[in-house]
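Work through the two exercises below, which concern a ligand shell and a pocket lining. Each solution goes step by step.

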Amino acid sequence: MAREFARVGVVGLGTMGAGIVEVFARGGIEVVAVEVDEASATHGRETLEASTQRAVDRSKLATDDREALLGRVRISTNLDDLADVDLVVEAVPERLELKAEVFAALSKVCGPETIFASNTSSLSITELSVRTERPHQVVGMHFFNPAPVQALVEVVRTVVTDPEVLSDVTGLAVQLGKSPVVCGDRAGFIANNLLFTYLNQAVGMFESHYAGREDLDAAMRYGCGYPMGPLALMDLIGLDTAYEILDTMYRQSRNQRHAPAPILKQMITAGLLGRKSGRGFYTYAAPGSPEVVADSLTPPPPGQEGGDQRSVQRVGVVGTGTMATGIAEVFAKSGYDVVVRARTEAKGEGVVAGIRKSLEKAVVKGKLSESARDETLARVRPTTTFDDLTDCDLVVEAVAEDLEVKQAVFGALDDVVKQGAILATTTSSLPVVECAAATQRPDDVVGMHFFNPASVMKLVEIVSPITTAPDVTSTVRAVTAKIGKHPVLCGDRAGFIVNALLFPYLNDATAMLEANYATADDIDSAMKNGCGLPMGPFALLDVVGLDVSLAIERSLYMEFRVPGFAPAPLLEHLVTAGRLGRKTGQGFRDYQKK
Ligand SMILES: NC(=O)c1ccc[n+]([C@@H]2O[C@H](COP(=O)([O-])OP(=O)(O)OC[C@H]3O[C@@H](n4cnc5c(N)ncnc54)[C@H](O)[C@@H]3O)[C@@H](O)[C@H]2O)c1
């Protein structure tokens with residue numbers, strides 16, 4: 001029988017505590033909330049009243065229900081009032097000694113059956129538990145801000161937590177309408193541990209001038225569908241808070257990737273704390289304002305960089321696969337004449353047929369007129385000879401992801417394409433400079449990394465090796481904007497921006513699973529519900545394909561040699577066993593065969 005929680009206590013009525021009180025009281029549970037003094041108690045009561053009034057104003061709560069909810073809450077300044085509660089959630093400031101004192105005092109006040117929970121974001125539940133006489137009855141109950149809105153609750157077990165206590169607390173969270181996940185006692189738990197490692201890496205990319213802040217943020221929003229980019233999110237969280245979390249993670253793990261990027265300390269010292277101080281990675285209209293205003297780092301819109309730009313009218317596409325077909329369609333739709341070089345006539349016709357099919361779909365959906373379809377198709381000309389690319393101003397290579405094959409194409413292009421033309425590769429994992437080196441004109445070679453499906457995905461990573469001429473980069477940036485895509489600039493390193501940030505995170509999640517720290521379902525749920533990501537890491541790995549993911553992780557590891565980038569053995573084993581994800585019906589999960 002699951003335990004019933006009739007009365008609970010909450011200690012500390014600040015941002016989190018007041019929200020947690022509301023969650024319990026909404027769920028029909030009597031709450032005794034204890035603050036340190038009258039002034040803080042009054043402030044806590046006002047927070048609760050204001051939050052529930054907002055819920056009424058937004059028609060999320062009836063007036064009578066609000067009255068009943070408030071009637072279930074008693075606010076006190078005396079811990080003795082917690083004598084007969086079934087559970088206490090502690091939400092006092094994030095200091096180990098303070099929390100330990102609260103738990104030691106509660107041990108004396110509460111009955112032997114009372115469960116103790118801490119809402120700490122980063123401190124060790126184990127350390128707190130040993131400061132009570134009932135370590136087996138202590139868990140973490142990590143709510144997210146704002147607690148009444150956020151569904152995720154991380155329930156943290158220690159090595160001595162009683163399994164029944166764990167299931168009772170998890171059951172209570174479900175009863176309150178939350179989505180609890182269970183994990184071990186590691187700094188950052190699931191969501192913050194994975195999130196902050198990724199954020200720290202993005203800050204490092206900014207610090208090393210690998211990519212600009214707008215481009216880093218746009219890459220993750222458009223490339224992965226994240227609700228916010230990493231630097232905008234750091235500003236929202238607060239750089240000081242982020243630093244503390246990373247520092248705690250580092251002290252526990254000694255993992256270099258958790259060591260806060262040095263620029264964070266400098267920014268904090270300079271008072272650049274993020275939105276709350278009006279400036280962090282971005283500049284805001286005022287302290288606390290979400291409105292970003294332009295500053296000295298704001299880049300000019302694409303095409304308005306000033307300086308020289310090359311003229312691009314006629315575009316060549318080399319290749320006949322999924323990406324080549326999508327890219328040819330995108331250029332033709334935007335009014336460019338496109339020559340597609342195929343190895344055989346049949347393959348060339350296949351590209352035209354593929355574009356026709358895609359345009360036809362748009363016509364059926366009413367998104368494209370029949371005349372626009374015909375005009376677009378008329379702009380695409382297939383050919384089997386490189387010579388027909390002579391007059392192109394820009395040639396985009398999208399052949400197989402094999403360096404020798406690509407280098408042969410670049411050699412052929414170098415022989416025939418007019419001087420001054422731009423030669424681009426769509427490689428997602430090979431060094432662009434290797435393509436440049438296969439020509440006598442490395443300054444004209446650049447990477448244009450489209451995402452699949454190219455006709456839909458907005459992001460294009462523009463990759464400039466050290467050899468690329470500045471006017472080539474700026475021309476390609478402007479052309480990318482003209483075809484309705486969002487260009488981001490980055491250097492020529494494995495993974496560019498998106499894969500270099502995404503795959504280490506997916507690998508961290510795999511290592512968490514492998515260590516039995518939490519289940520795949522709970523890790524997926526924590527990242528979806530806690531961070532608002534469109535998919536959890538295992539759902540995503542299964543979609544991408546585990547073999548593809550392993551290849552990307554290997555290339556990142558080989559380039560950077562960061563120990564944490566080495567693919568988790570679990571991924572290698574799944575690939576060896578032929579479990580490649582959705583495409584084989586089995587990966588991290590089993591799928592119904594179609
Ligand atoms: N803010 C967040 O986004 C967030 C999210 C999840 C967890 N947390 C964690 O929740 C906890 C509380 O954070 P917060 O943001 O609500 O802080 P806060 O500063 O807003 O609130 C803390 C409250 O505790 C009260 N307090 C201090 N000492 C006390 C004592 N001895 N007895 C009773 N009350 C006492 C303070 O008066 C204050 O009202 C921290 O451990 C924090 O890490 C915060």
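**Exercise 1.** Find which element gives the most residues to the shell around the ligand, and describe that shell.

Solution. Step 1: α4 gives the most, with 3 residues; helices (H or I, at least four residues) and strands (E, at least two) are DSSP runs, numbered from the N terminus. The model is predicted: local features need pLDDT of at least 70, side-chain atom pairs pLDDT 80 or more, while totals for chains, interfaces and linings use all residues. Residues are numbered from 1 along each chain as its sequence is written, and side-chain values use heavy atoms, without hydrogens and water.

Step 2: 23 residues surround the ligand, and M16, E35, E94, K99 and N119 come nearest (near: a heavy atom within 4 Å).

Step 3: List polar contacts (pairs of N or O atoms within 3.5 Å; within protein, one must be able to donate a hydrogen and the other to accept it, and residues adjacent in sequence count only if both atoms are side-chain atoms). Ligand oxygen atoms lie 2.5 Å from a polar side-chain atom of E35, 3.0 Å from one of S121 and 3.4 Å from a polar backbone atom of V92.

Step 4: The protein buries 74% of the 830 Å² that the ligand exposes when taken alone (Shrake-Rupley method, 1.4 Å probe).

**Exercise 2.** Which element gives the most residues to the lining of the second largest pocket?

Solution. Step 1: On a 1 Å grid over the protein atoms alone, a pocket is an open set of points where a 1.4 Å probe fits, with protein on both sides within 12 Å along at least five of seven lines; lining residues have an atom within 4 Å of a point.

Step 2: α18 gives the most, with 5 residues.
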